[in-house]
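Subject: Structure handover and notes

Dear colleague,

I am handing over the structure we spoke about, and I would ask you to keep it open beside this message while you read. My notes follow below it, in the order in which I suggest you look.

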Amino acid sequence: MITNNIKIAETALLRNDLVAIPTETVYGLAGNAFNDSVIKKIFELKKRPYFNPLIVHIKSMSALDTVAIDIPPIAYQLADIFWPGPLTLLLKKQSVISDLVTAGKPTVAVRVPHHETTLKLLNNLPFPLAAPSANPFGSISPTSPFHVEAYFGSDLEVILDGGICKKGIESTIIGFNNQQPILYRHGAISIEEIEEKVGKIKVVTKNNNDPSAPGMLSKHYAPATKTILTENITKTALEYQHCKIGLLLFNKRINIKTAAQKVLSEKGDLKEAAKNLYATLHDLDKLNLDIIIAEKMPNNGLGLSINDRLERAIK
Ligand code: TXA
Ligand code: MG
């Protein structure tokens with residue numbers, strides 16, 4: 001059921017059911033972060049491997065020490081600047097956070113989502129919410145309640161409707177080595193924006209399929225349709241002209257006959273492009289195309305985050 005009634009979501013979570021929640025990035029598949037049987041339901045419904053840890057969503061910075069310990073001052077500084085918002089911090093876990101949530105790691109991923117509905121829900125609940133993106137493992141993340149419904153249908157009783165996600169791409173993930181911040185996943189806050197506040201940070205995002213490394217599997221975010229990424233969209237489109245092709249373009253259409261051409265941001269705004277990315281991939285995936293050809297975005301700002309997702313969507 002898609003509903004905007006927070007009380008219905010709250011009741012479902014209190015009886016240990018899962019609820020899809022809106023956030024500013026993507027929809028999450030949420031459950032009581034303190035209850036292992038609920039956490040297992042998340043992994044089972046998503047068909048997510050148990051080695052891939054979950055993000056814990058808290059209501060405010062004041063709740064941080066209920067889930068993490070030994071928090072470095074730089075983490076407080078970042079939280080202070082970017083929360084509520086699309087920044088996930090990897091911190092040493094409190095003992096109450098189970099190994100199921102963190103996949104056995106000593107760290108827990110935490111963020112305060114910037115979405116009015118979900119913040120209200122979190123404030124009503126006596127526990128934080130563990131929530132991965134609300135898609136089956138490996139597929140395109142959902143940015144509308146209808147994407148979630150299409151994925152899970154009646155297997156998920158409550159989808160809390162918070163409209164279309166404003167950022168449209170997952171949170172940026174930062175961990176710490178002593179006092180040194182390390183970026184593990186490009187996301188809705190660009191690295192430039194973070195470096196502006198705290199200086200140069202190290203980037204470690206290419207862990208491929210090493211399950212012991214912070215969760216970045218090389219294949220993810222993938223449409224069912226074969227997808228390729230190119231720096232020269234016209235040349236690649238011509239090479240595939242015999243196929244039914246759909247183009248995912250940054251800011252303009254090209255002058256070649258194709259089954260579909262979708263532009264992410266006509267004004268060339270990378271924030272707008274990020275917001276539209278997953279919804280556009282969902283749309284292209286429904287067109288029975290032979291192939292989706294995605295154009296590489298400029299390699300700066302959120303272009304880095306979009307390119308990261310597109311590189312993982314290739315198959
Ligand atoms: O924007 C977001 O972050 C969304 C919304 C729902 O909050 N959530 C999200 O969750 O993208 P998910 O599960 O799709 O991605 C979480 C990522 C995974 O790559 C996971 O491996 C990594 O965070 N992660 C979680 N806990 C970790 C930990 N302790 N150490 C390293 N990586 C961790
Ligand atoms: Mg995900």
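Please start with Glu 10, which has its place in helix 1. Before going further, keep in mind that this is a predicted model, and that each statement below describes that model. Is Glu 10 buried or exposed? Its relative accessibility is 8%, and because buried means under 20%, Glu 10 counts as buried. Leaving aside residues up to four places away in sequence, Glu 10 touches Leu 121, Asn 124 and Leu 125.

Some of these contacts lead to helix 5, which covers residues 116–124. In helix 5 the residues Thr 117, Thr 118, Leu 119, Leu 121 and Leu 122 are buried, and what covers the buried residues of this helix includes helix 1, strand 2, strand 4, strand 8 and strand 9 (158–160).

Several of those strands can be followed further through their pairing. As background, strands of a sheet pair through backbone hydrogen bonds, either parallel or antiparallel. Strand 2 (residues 19–21) pairs with strand 3 in the antiparallel sense over 3 bridges, and a hairpin of 6 residues joins the two. One bridge to find on the screen links Ile 21 with Gly 28, its partner in strand 3. Strand 3 (residues 28–32) is mostly covered, with 5 of its 5 residues buried. Strand 3 also pairs with strand 8 (residues 129–130), again in the antiparallel sense, over 2 bridges, and here Gly 31 has Ala 130 as its bridge partner.

Strand 4 (residues 55–57) leads to strand 7, since the two pair in the parallel sense over 3 bridges, with Val 110 of strand 7 as the bridge partner of Val 56. On strand 7 you will also find strand 6 (residues 87–93), which runs antiparallel to strand 7 and is joined to it by 4 bridges, and among these partners are Leu 90 and Ala 109, the latter in strand 7. Strand 7 itself (residues 107–111) is mostly covered, as 4 of its 5 residues are buried.

Next, please turn to a pair of helices. Two packed helices are described by the angle between their axes and the distance between the axes. Helix 3 (residues 73–82) and helix 7 (residues 191–198) pack at an angle of about 120°, and their axes are 11 Å apart, which makes helix 3 oblique to helix 7. Helix 3 passes helix 7 in a right-handed crossing. On the side of helix 3 the residues involved are Ile 74, Gln 77, Leu 78, Ile 81 and Phe 82, and they meet Glu 193, Ile 194, Lys 197 and Val 198 in helix 7. Sorted by class, this contact has 6 nonpolar, 1 polar and 2 charged residues.

The last region to look at is an open sheet of 4 strands, in the order 13-16-14-15, with parallel pairing. Which strands stand at its edges? They are strand 13 (227–230) and strand 15 (260–263), and each has a single partner strand, so one side of each is left without a neighbour in the sheet. From one strand to the next the twist averages 20°. Within this sheet, strand 14 (residues 245–249) and strand 15 pair in the parallel sense over 4 bridges, and Gly 246 has Ala 260 in strand 15 as its bridge partner.

Helix 9 (residues 270–285) packs on this sheet and touches strand 14, strand 15 and strand 16 (291–295), with its direction at about 175° to that of strand 14. Helix 10 (residues 302–313) lies across strand 13, strand 14 and strand 16, and runs at about 135° to strand 13. These helices also meet each other: helix 9 and helix 10 pack at an angle of about 25°, with their axes 9 Å apart, which makes helix 9 roughly parallel to helix 10. Helix 9 passes helix 10 in a left-handed crossing. The residues in contact include Leu 270, Ala 274 and Leu 277 of helix 9 and Leu 302, Ile 306 and Leu 310 of helix 10, and by class the contact has 8 nonpolar, 1 polar and 2 charged residues.

To connect the start of this tour with its end, you could mark Glu 10 and Ile 306, which are 296 residues apart in sequence and 33 Å apart in space, C-alpha to C-alpha.

With best wishes

Methods. Residues numbered from 1 in each chain as written. Chains lettered and ligands numbered in written order. Predicted model: local features only at pLDDT ≥ 70, side-chain atom pairs only at ≥ 80, totals over all residues. Heavy atoms only, no water. Pairing = 2+ DSSP bridges. Axes fitted to C-alpha atoms, helices over the stretch in contact; angles between N-to-C directions. Contact = heavy atoms within 4.5 Å. Parallel < 35°, antiparallel > 145°, perpendicular 65-115°, else oblique. Left-handed = near helix turned anticlockwise from the far one by under 90°. Nonpolar A, V, L, I, M, F, W, Y, C, P; charged D, E, K, R; others polar. Buried < 20%, exposed > 50% of the residue type's maximum accessible area, 1.4 Å probe, protein only.
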